[in-house]
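Here is an informal walk through this model, with sheets, helix packing and backbone oddities taken in turn. Have the structure open while you read.

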Amino acid sequence: MFVPRLCQRAVTHTGRACICLGIWLGAGCIALWSAAAVEPPSNYDPQVAALLAQMTLDEKIGQMTQADSEALKDKSGVQKYFLGSVLSGGGHAPAENDAKGWLKSCDEFRSWALKTRLKIPLLYGVDAVHGHNNVDGAVIFPHNIGLGATRDPALVEKAARVVEAEVAGTGIQWAFAPCVAVARNECWGRTYESFGESTELVSELGAAEIRGLQGRQLSDPTSVLACAKHFVADGGTADGVDQGNALCDEATLRKVFLAPYVAAVKAGVGSIMVSYSSWNGQKMHGNKELLTRVLKGELGFEGFLVSDWAAIDQLSPNYKWDVAESINAGLDMVMVPNAPGTSNNYVEFIQDLKESVGEGKIPMSRIDDAVSRILRIKFQMGLFDKPYTDPELTAAVGSAEHREVARECVRESLVLLKNSDHALPLSKNLKHLHVMGQAADDIGMQCGGWTISWQGKAGPTIHGGTTILAAIRKTVAPDVEVTYSATGERGHGADAVLVVVGEMPYAEKDGDRKDLRLSATNAALIARAKQTGAPVITVMISGRPLILDSALAQSDALVEAWLPGTEGQGVADVLFGDYKPTGKLPRRWPLNNQQLSATAALNEKPLFPYGFGLSYDSLPSKRSTAKADIGPTSE
């Protein structure tokens, strides 16, 4: 059985000692990333030990409990139960959903923690997975699949620094990102949360995002705790079923799915979220071998493990047994989002955990280890000295400077798949450009899932930003006639027709699909554009490759724009030649639904291979070829 070996070597980079992480794949070591040495959380063990010695069992259990803001109708529950953490789940915004409203709400929660006997600061978490996406007015970046197409770790780190600043500006110190899943099947509804199908690419970009979020040190004023997720093999489940079962041997698990976590640990990630999914039939939240022996022992992870949303509930019908099983397996903090009065709520969790300790089902040493890991990170973040965020940071949320970084990400993420007869770039001096499709003027569709609400939705869901149609009108010359029809009328007589099609927003579970053919409505829209006789430029807005069928032949040019977020101007930059396409496919593009299976994807020729991407000239740019050696890891 072949199991890849991890290698480390000291290198010199700009005069600093660095660590270069690689994976031996038989022939040699492929470098994944390099960065300055990261301060280990264990440096704070003396402070942790001193505080732990003062804590009661109730106070320790409180640190291990994370309640949802919606469940805490009375914020004083933070003080009453000594809660160590609060989160806002997708769509769970304060009454005033803007940066100032979030800051006010988070500070209120935090104030209750400081009223406890030991004044242990609260750690507030949120799913900031493509920007601070729960906050109205924040900058929304392309989802990870688009960032994967950039092949640009420096840009990913730059984007993460913007997210870091916007999250910190709302009083939050913890982002549940990056997702370092290696998505192997496009049927999975979370495919867009993955940087791509390549283990090496995911490892490199995941580490870059961690460095961007956490900054040089976790104690920096704007630093935000990163959370690599979802451990492990969530992107490798059979048939791409969300929360499903990954079927593979240990060698494959390590080679394909574990490697991004090795990179994340080396990058200094302070927290890791455990997956709902199973490996060979065993739920990950109860897998002591992987959580404790491999992740904490073999990989040397010194931060803490947090569960996914109510995920321990899936271990068995007996909730009290689930509590003991998951804690003994290695969970340090449990996300218990339900309110008192419902089943499996945070009060019930606290009671069951305390009883299990008293009954000897959970050793006190395991409780102390879990709490110590949480306190390590709180000390490392400097929360005991500065529990509140600097309110001056709030003004930068949604700023023009931040939007320029997102625009840069958008234009580098676009992949040009077809360009017959130089249909692109479009001239800014066309007499008449006709634009078709709802997605052309729908910022909700541009952003996709995890935007304001959990599943996302079409329409004007978020303030700020620019739709593709608005960006086009801003880009062309003043005398150019730009007409628009969501359903495709009035296209005859145009010099060119731009069709924007794609998927309606979705997120985990609801996004699982077995049929990824372009919808009949979208296919008909492209066919209608073809009937005008003008060159047809198709722009796809999607969280994964879609089966194109006749749409490819009917389009003179085809651009995959993924889920670009709020800055549609980046799309216009490419369409009109202000930026030549450099994006490369982060995953193979299947020819048909039959190629969606992992076996077929590896053995059959796809419509477009991994790494494919055209530009506007015959010479590829220097940047776009820099990562050509990073390809898919075969199983």
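## Starting inside a sheet

Let's begin with one residue pair: V501 stands opposite M540 in β19. The strands behind that pairing are β18 (residues 496-502) and β19, which run parallel and are joined by six bridges. Keep in mind that this is a predicted model.

How buried is β19 (residues 536-541)? It is mostly covered, with six of its six residues buried. Going along the strand, V536, T538 and M540 point one way, while I537, V539 and I541 point the other way. Both sets are buried, so M540, the partner of V501, is among residues that count as under 20% relative accessible area.

## The six-stranded sheet

Zooming out, β18 and β19 belong to an open sheet of six strands, ordered β15-β20-β19-β18-β16-β17, with mixed pairing. The edges are taken by β15 (415-419) and β17 (481-485); each has a single partner strand, so one side of each has no neighbour in the sheet. On average, neighbouring strands are turned by 15° against each other, direction ignored.

At the β15 end, the partner is β20 (residues 557-560), and the two pair in the antiparallel sense over four bridges. Within that pairing, V415 stands opposite E560 in β20.

## Helices across the sheet

Two helices lie across these strands. Helix α15 (residues 468-475) lies across β16 (432-436), β17, β18 and β19, and runs at about 170° to β17. Helix α16 (residues 520-530) lies across β16, β18 and β19, running at about 175° to β18. That puts β19 under both α15 and α16 in the lists of strands crossed.

## A three-stranded sheet

There is also an open sheet of three strands, in the order β9-β11-β12, again with mixed pairing. Here β9 (245-246) and β12 (282-283) are the edge strands, each with a single partner, so one side of each is left without a neighbour in the sheet.

The β9 pairing with β11 (residues 278-279) is parallel and uses two bridges. If you want a spot to click on, A246 stands opposite W279 in β11.

## Helix α6 and its two partners

Which helices does α6 pack against? One is α7 (residues 199-214): the two pack at an angle of about 35°, with axes 7 Å apart, and their crossing is right-handed. On the α6 side the contact involves P153, V156, E157, A160, R161, V163 and E164, and on the α7 side E204, L205, A208, E209, R211, G212, L213 and Q214. By class, that contact divides into seven nonpolar, two polar and six charged residues.

The other is α13. The axes of α6 (residues 153-168) and α13 (residues 400-413) come within 10 Å and cross at roughly 145°, and this crossing is left-handed. From α6, the residues L155, K158, A159, V162, A165 and E166 meet H402, V405, E408, C409 and E412 of α13. The class count for this contact is six nonpolar, one polar and four charged residues.

## Backbone oddities

Most residues other than glycine have a negative phi, and most peptide bonds are trans. Some spots here go against that. The peptide bond from A177 to P178 is cis, with omega near 10°, and P178 sits in the loop between β7 (174-175) and α7. Another cis peptide bond joins K229 and H230, with omega about -5°; H230 is found in strand β8 (residues 227-231).

Then there are two aspartates with positive phi. D239 has phi near 60° and is found in the loop between β8 and β9; it counts as exposed because its relative accessibility is 62%. D549 has phi near 50° and lies in the loop between β19 and α17 (550-554). D549 also counts as exposed, because its relative accessibility is 51%.

## How far to trust it

The protein averages a pLDDT of 92, and 91% of the residues score at least 70. Where does pLDDT stay under 50? One stretch is residues 1-35, for which the model has 78 contacts beyond four places in sequence. Another is residues 618-630, where the model has 19 such contacts.

Technical notes
Residues numbered from 1 in each chain as written. Predicted model: local features only at pLDDT ≥ 70, side-chain atom pairs only at ≥ 80, totals over all residues. Heavy atoms only, no water. Pairing = 2+ DSSP bridges. Axes fitted to C-alpha atoms, helices over the stretch in contact; angles between N-to-C directions. Left-handed = near helix turned anticlockwise from the far one by under 90°. Contact = heavy atoms within 4.5 Å. Nonpolar A, V, L, I, M, F, W, Y, C, P; charged D, E, K, R; others polar. pLDDT = per-residue confidence, 0-100. Buried < 20%, exposed > 50% of the residue type's maximum accessible area, 1.4 Å probe, protein only.
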